[in-house]
Structure formats: C-alpha cells, structure tokens
Amino acid sequence: MGKAYYPVLLDLQNRICVIVGGGQVAERKAASLLEAGAMVKIIAPEVTPRIEAWGEEERIGLRRERYSPGMTELREAQLIFAATDHAGVNAQVKREAEELGTLFNSADDQESGGFIVPAVVRRGRLTVAVSTSGASPALAAALKRRLEAVFPAAYEPYLELLHDLRTSIQEWVPDTRIRQEMFRGILAWPLLEVLEREHGEAAAGWKSLLLERLRRDPSPAGVERTGEWLLEQVRQPGSGGDSGHRSDYRSNPG
Ligand SMILES: C[C@@]1(CC(=O)O)c2cc3[nH]c(cc4nc(cc5[nH]c(cc(n2)[C@H]1CCC(=O)O)[C@@](C)(CC(=O)O)[C@@H]5CCC(=O)O)C(CC(=O)O)=C4CCC(=O)O)c(CCC(=O)O)c3CC(=O)O
Ligand SMILES: NC(=O)C1=CN([C@@H]2O[C@H](COP(=O)(O)OP(=O)(O)OC[C@H]3O[C@@H](n4cnc5c(N)ncnc54)[C@H](O)[C@@H]3O)[C@@H](O)[C@H]2O)C=CC1
C-alpha cells in the first residue's frame, strides 16, 4: 500500500503559482489554477498555442526561457509545479522548491514528497475531487467522468440556496445543536428537484417563500413542516393555494 495523502482545498486567489514547463501537462495545470483565480507564471522555452495565447492576453506571466535556479518567479511562488519532459530539470526544480520551503508538484515523480493534483468535478461551490494517489491517473479521470453524471448542474444553485438558508438560520437560531438539526433536516427537502426545473426569478421566488416560512418558525419542526409543504407543491403542483410563486411553478413544470 502507498502512503496516505492529506486532501485540502487551497485558496489561491491572487497567489502566484509557477509552472516550469509549457507542454500539455503544464497547460492542464495552468487551466485549473486560472479557474481558481491564481496568478500563473510559466517558465519554458517552448509552449502550447493555448499557453502562448494566455501569455499574449496577459492572463498569465510567460517567461520563454529554460529554467535555471534562482529565478525571481520561484521565490515569489506559493506553489511550484515541475512539468518539463526532462527528469533532471524537474529534479532541479524540486531541489529549489525544497530550499525555498515551497509546496511542490512533480508531473513525473510521485516520490517527490510534494502534493499531487486530483481529478475534479465542479458545480459552483461543490467540489468533488478524485485521486488514486498516483496509482492510475487514467482511472481518476474516468471516475471523474462518471461523477459528472451523478452531480447535475442544479447542484450549483442548490448550494447557493443551502448557503443562504444556512446564513439566515445562523442569524435566527442561537443554539448550535438546534441549528445543526435544522441544516440536516433541510437536506431532506426536494430542493434539487425544484431547482432542476426552476431558474432565475422563479427560483428566487421559491427562496423567499422558504426563507419566509423558516423565519416564522425557525425550529427543527419548522424545517420538517416546510419540507412537507414543499413536497406537496412538487408532487401536486396543481392543488389550490394562494401563492403567486406556486403558480409560477405550475406554469413551468419542466
Ligand atoms: C501523481 C500525479 C502528479 C500530478 O500531476 O499531480 C500524476 C502523475 C502522472 N500522470 C501520468 C499520466 C497521465 N496523467 C493523466 C491525467 C491526469 N493526471 C492527473 C494527476 C496526476 N498525475 C497525479 C496523480 C493523481 C491521482 O492518481 O489521483 C490529473 C488527475 C489531474 C491533473 O493533472 O490536472 C489528470 C486528469 C485530469 C482530468 O481528466 O480531469 C493521464 C490521462 C489523460 O491524459 O487522459 C495520463 C495518461 C494515462 C496514465 O498514465 O494513467 C504519468 C505518467 C507519464 C508517463 O507515463 O510518461 C505520471 C507520472 C507518474 O506516474 O510517475
Ligand atoms: N502529471 C501528469 O498528469 C502527466 C505527466 N506526464 C509527465 O510530464 C512530462 C511533461 O509532459 P508534457 O507536458 O506532455 O510534455 P511536452 O513535451 O508537451 O512539454 C514539455 C515542456 O517542457 C519544456 N521544457 C523542456 N526543458 C525545459 C527547461 N530546461 N526549462 C523549462 N522548460 C523546459 C518544453 O519547452 C515543453 O514546454 C512528461 O514527460 C511525463 O513525464 C505526462 C502525462 C501526464
């Protein structure tokens, strides 16, 4: 059995991340770093057309040179990636990263003692990361594709809504234990089902209705009652009632 890695989610917003190498692997690492809002700097004599374009658009810093120890970019970096096709160069980058005490990723050496990158499914605030600890990157990528089908796009607004409900409940309910019971109770609501059909204003309408109900009855029992009410709306969208939002739901069943 291999070693056990410790998974974390890094906040790299506006942090400098340096990639030595400019091929396919460097491009993939750079794309996900840009998604995370990092300031990416690439050092390589030859780069892919996409990296070239990012350089021209100044979306990344591009230094078209061979790596040599002591470059300013590495000293400023929070993370250092070695992704050249020369094991010797990658090993040199590793040595410098160790001297600097900077977290390091090697594209070609799992024993490098740095961090490794998982395959990722993102749905807004939801991150599902898969790793095989280096045993089979191909399997990590294949499992990611399977998980993409498990998590539909509605998870993005679903998490936004859960976040808003949670923030309000934190204001209304002083007791942590009661809050926790409420948060767990909300997971039983058929919210995902609603958000798969309702978008924009209709979805916002549901949000205010749910918040209003919870505000009047901020308790675990209130969560349960609101869940039952919501289920009723979802199951029998045609049954009576006085809510304009409910008729929105009825008029746009999918
Ligand atoms: C250790 C690790 C270090 C690191 O890079 O962080 C590493 C190392 C190596 N990868 C190699 C090969 C491939 N890597 C991929 C793809 C990905 N590799 C990624 C991560 C990792 N790769 C880390 C372990 C992660 C884990 O196991 O969980 C992903 C998940 C994330 C990312 O890179 O962003 C991304 C998928 C992203 C996605 O699809 O979403 C494919 C498949 C493909 O390209 O379709 C192949 C070819 C098929 C195969 O070999 O399986 C080789 C051999 C090179 C050779 O043989 O020459 C090495 C070196 C070695 O094994 O020593
Ligand atoms: N971790 C991963 O996911 C994967 C890792 N690999 C490994 O990563 C290596 C790189 O793969 P690719 O990107 O496909 O290779 P590539 O051949 O497309 O790119 C190599 C890059 O390294 C640059 N380079 C070479 N010498 C350099 C130096 N002295 N200083 C700075 N840059 C230099 C080149 O200019 C080029 O941009 C492979 O050799 C393989 O060992 C391969 C596939 C996946």
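These notebook entries record what I looked up in a predicted model, beginning with the surroundings of ligand 1 and then turning to one pair of helices.

**Entry 1: the shell around ligand 1**

I began with the residues around ligand 1, of which there are 22, and noted that V117, S131, P137, A138 and A141 come nearest. I then asked which helices supply at least two residues of this shell, and found that α1 (24-35) and α5 (137-150) each do so. The largest share, five residues, comes from α5. Sorting the shell by class, I wrote down 10 nonpolar, eight polar and four charged residues.

**Entry 2: ligand 1 and the domains**

Next I looked up where ligand 1 sits relative to the assigned domains. Because domain 1 (16-117) and domain 2 (119-151) both give residues to the shell, I place ligand 1 between them.

**Entry 3: α7 against α10**

For the helix pair I kept in mind that two packed helices are described by the angle between their axes and the distance between the axes. The axes of α7 (residues 176-186) and α10 (residues 220-235) come within 8 Å and cross at roughly 15°. Since angles under 35 degrees count as roughly parallel, I entered α7 as roughly parallel to α10. I also recorded that the crossing of α7 and α10 is right-handed.

Which residues make the contact? On the α7 side I listed I178, E181, M182, G185 and I186, and on the α10 side P220, V223, E224 and G227. By class, the residues of this contact between α7 and α10 divide into five nonpolar, two polar and two charged.

Key:
Residues are numbered from 1 along each chain as its sequence is written. Chains are lettered from A and ligands numbered from 1 in the order in which they are written. This is a predicted model: local features need pLDDT of at least 70, side-chain atom pairs count only at pLDDT 80 or more; totals for chains, interfaces and linings use all residues. A residue is near a molecule or strand if its C-beta atom, placed from the backbone, lies within 6 Å of it. Helices (H or I, at least four residues) and strands (E, at least two) are DSSP runs, numbered from the N terminus. Ala, Val, Leu, Ile, Met, Phe, Trp, Tyr, Cys and Pro count as nonpolar, Asp, Glu, Lys and Arg as charged, and the others, Gly among them, as polar. Domain bounds come from an automatic or database domain assignment. Axes are lines fitted to C-alpha atoms, for helices over the stretch in contact, and angles run from 0 to 180 degrees between N-to-C directions. Angles under 35 degrees count as roughly parallel, over 145 as roughly antiparallel, 65 to 115 as roughly perpendicular and the rest as oblique. A crossing is left-handed if the near helix is turned anticlockwise from the far one by less than a right angle, and right-handed if clockwise. Two residues are in contact if their C-beta atoms, placed from the backbone, lie within 7 Å.
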